Amino acid sequence: MNPIVKRMLGSALARGLAHPSSVDDYLALIDDRLSLAEPRGRVVHAVRQTRDSVTLAIEPNSNWRGHHAGQHVLVGLTLDGVRHSRCFSIASAPGDPLIEITVKRNGAGRVSNHLVDHAQRGQLLYLSPAEGDFCPPSQAPARALLLSAGSGITPVMSVLRTWLSHGASTDIVFLHYARAPVDMIYADELEALAAEHARLQSITVFTGAGGARLDGAALDARVPDLAERETWLCGPAGFMDTAETLIAARSSAPLHREQFAASRRASAHGQGAVQFLKSDIAASGEHGSLLEIAERAGLSPPYGCRMGICHACKCRIAEGTVRDLRTDRVRQVRDTDLQLCIHAAAGDVAIDF
Ligand SMILES: Cc1cc2nc3c(=O)[nH]c(=O)nc-3n(C[C@H](O)[C@H](O)[C@H](O)COP(=O)(O)OP(=O)(O)OC[C@H]3O[C@@H](n4cnc5c(N)ncnc54)[C@H](O)[C@@H]3O)c2cc1C
Ligand code: FES
């Protein structure tokens, strides 16, 4: 949108004239990608690389401020009249005019299944600014290991594309674990990049039907100079735990990790009663995060990452004693906004929901 038009539409006068709807509501009548401040995008390509994934190229509006390699974005869409948002790693390199994400079907998950089955050219998606610190340093390392499994390949792919497009001289081993060849996301591109760039060694290991797992012997054989390599790691929780233990025993070079699901340090055994004030529902002695307790009670608070990074689940705690599931810290709060997904009840809690 033209910046002058944007400033005029953002003025108090325009907001007053638009009332009771928002200026964005009127802009949406012209083009639903238009917004005064919200990043939004339209799908321009939807490619099914594998049977359970879809790769989307999204053209953002002018409110998108770009991203760094390895960052993620909160993607929102409306299903049955309700907006749902989830985090997805951006696989494209910074500077690419299109934002690329690859979504893998997640069990019976709501958003991933919808996108894998129905995403198509023209679909509107709501976006957050890019976030996250799985970013390579501005000075590329001399040697790197990119280690991923399953859909964990997406942020690692962004790191790889960035180095190769910037002509970095990094010697790269890209070691990826997939169930079977038909499940391998970015297979063709990785093969082409490895053929083109002598400094990239791409190794894919298939784990299905008795295939190999990540273990010390495999790592030693495939990456004998691991101690000299800075590592970027992303994959399912079990894979990441194994990889981290193996790498820590072999190398003190920096290890960067991105995870798609929470690993909790603290116990989520609930103590006390949880009251949802606006819904007039109470739960007591329930284990799990306040988000999970709400869901088991039949409520649907918004969420995005379920691990404390996106703030989508923030809710006002009227009063109560809560435990931070990442640090185990217990504190008393009153009239405080907290992320429900990373807090449990450590006493009675009253939530304004
Ligand atoms: C930083 C980050 C980056 C990510 N990048 C990617 C990516 O590049 N590609 C990708 O495919 N995914 C990525 N993810 C994962 C993605 O954000 C979603 O979590 C995933 O797609 C599942 O969303 P969904 O709506 O399909 O599932 P949901 O409906 O949210 O369900 C997810 C899981 O939560 C559980 N669950 C759902 N509802 C309940 C409930 N009521 N009670 C208890 N449990 C419940 C289910 O068991 C289900 O398996 C990323 C996540 C993070 C945090
Ligand atoms: S859902 Fe993202 S912070 Fe809670």
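The legends below describe an overall view and several close-up views of one predicted protein model.

In this predicted model, local features need pLDDT of at least 70 and side-chain atom pairs count only at pLDDT 80 or more, whereas totals for chains, interfaces and linings use all residues. Residues are numbered from 1 along each chain as its sequence is written, and chains are lettered from A and ligands numbered from 1 in the order in which they are written.

**Figure 1. Overall view of the protein chain and its domains.** The protein chain has nine helices and 16 strands; helices (H or I, at least four residues) and strands (E, at least two) are DSSP runs, numbered from the N terminus. Its division is into domain 1 (1-36), domain 2 (38-127), domain 3 (143-258) and domain 4 (273-351), with bounds that come from an automatic or database domain assignment. The centres of domain 1 and domain 3, taken over C-alpha atoms, are separated by 46 Å. Along the principal axes, the C-alpha atoms of the protein chain fill a box of roughly 60 × 55 × 35 Å. The radius of gyration of the protein chain is 22 Å, which agrees with the value near 20 Å that a compact globule of 353 residues would have; this radius is taken over C-alpha atoms, and the globule rule is 2.2 Å times the number of residues to the power 0.38. Of the 353 residues, 38% are buried; a residue is buried if 20 or more other C-beta atoms lie within 10 Å of its own, exposed if 12 or fewer, and partly exposed in between, with C-beta atoms placed from the backbone. Among contacts between residues at least 6 apart in sequence, 66% join residues at least 24 apart, where contact requires C-beta atoms, placed from the backbone, to lie within 7 Å.

**Figure 2. The open sheet of six strands in the order 4-3-6-1-2-5.** The pairing in this sheet is antiparallel; two strands pair if DSSP finds at least two bridges between them. Strand 4 (82-89) and strand 5 (99-104) are the edge strands, each pairing on one side only. From one strand to the next, the twist averages 40°; axes are lines fitted to C-alpha atoms, for helices over the stretch in contact, and angles run from 0 to 180 degrees between N-to-C directions. Strand 2 (residues 53-60) runs antiparallel to strand 5 and is joined to it by six bridges, with Leu56 having Ile101 in strand 5 as its bridge partner. Helix 4 (residues 110-118) packs on the sheet and touches strand 2, strand 3 (72-79), strand 4 and strand 5, its direction making about 110° with that of strand 5. Helix 5 (residues 153-165) also packs on the sheet, where it touches strand 3, strand 4 and strand 5, and its direction makes about 50° with that of strand 4.

**Figure 3. Close-up of Arg42 in strand 1 (residues 40-47).** Arg42 is partly exposed because 17 other C-beta atoms lie within 10 Å. Leaving aside neighbours within four places in sequence, Arg42 is in contact with Arg33, Ile58, Glu59, Gly122, Gln123 and Leu124. Ser289 is 247 residues from Arg42 in sequence and 34 Å from it in space, C-alpha to C-alpha.

**Figure 4. Strand 10 and its parallel partners, strand 7 and strand 11.** Strand 10 (residues 230-234) is largely enclosed by the rest of the structure, because four of its five residues are buried. Five bridges pair strand 10 with strand 7 (residues 143-149) in the parallel sense, and Leu147 stands opposite Leu233 in strand 10. Strand 11 (residues 255-258) runs parallel to strand 10 and is joined to it by four bridges; Leu255 in strand 11 is the bridge partner of Thr231. Together with helix 8 (residues 237-248), strand 10 and strand 11 make a right-handed β-α-β unit; a crossover is right-handed if, with the strands pointing away from the viewer, the path from the first strand over the helix to the second runs clockwise.

**Figure 5. Close-up of Pro254 in the loop between helix 8 and strand 11.** Pro254 counts as exposed, because it has 12 C-beta neighbours inside 10 Å. Pro254 and Glu228 lie 26 residues apart in sequence, with a C-alpha to C-alpha separation of 9.7 Å.

**Figure 6. The open sheet of five strands in the order 13-12-16-14-15.** The pairing in this sheet is mixed, and the edge strands, strand 13 (281-284) and strand 15 (330-339), each pair on one side only. The twist averages 30° from one strand to the next. Strand 14 (residues 314-324) pairs with strand 15 in the antiparallel sense over nine bridges, and Ile317 stands opposite Thr336 in strand 15.

Definitions and conventions
Contact = placed C-beta atoms within 7 Å.
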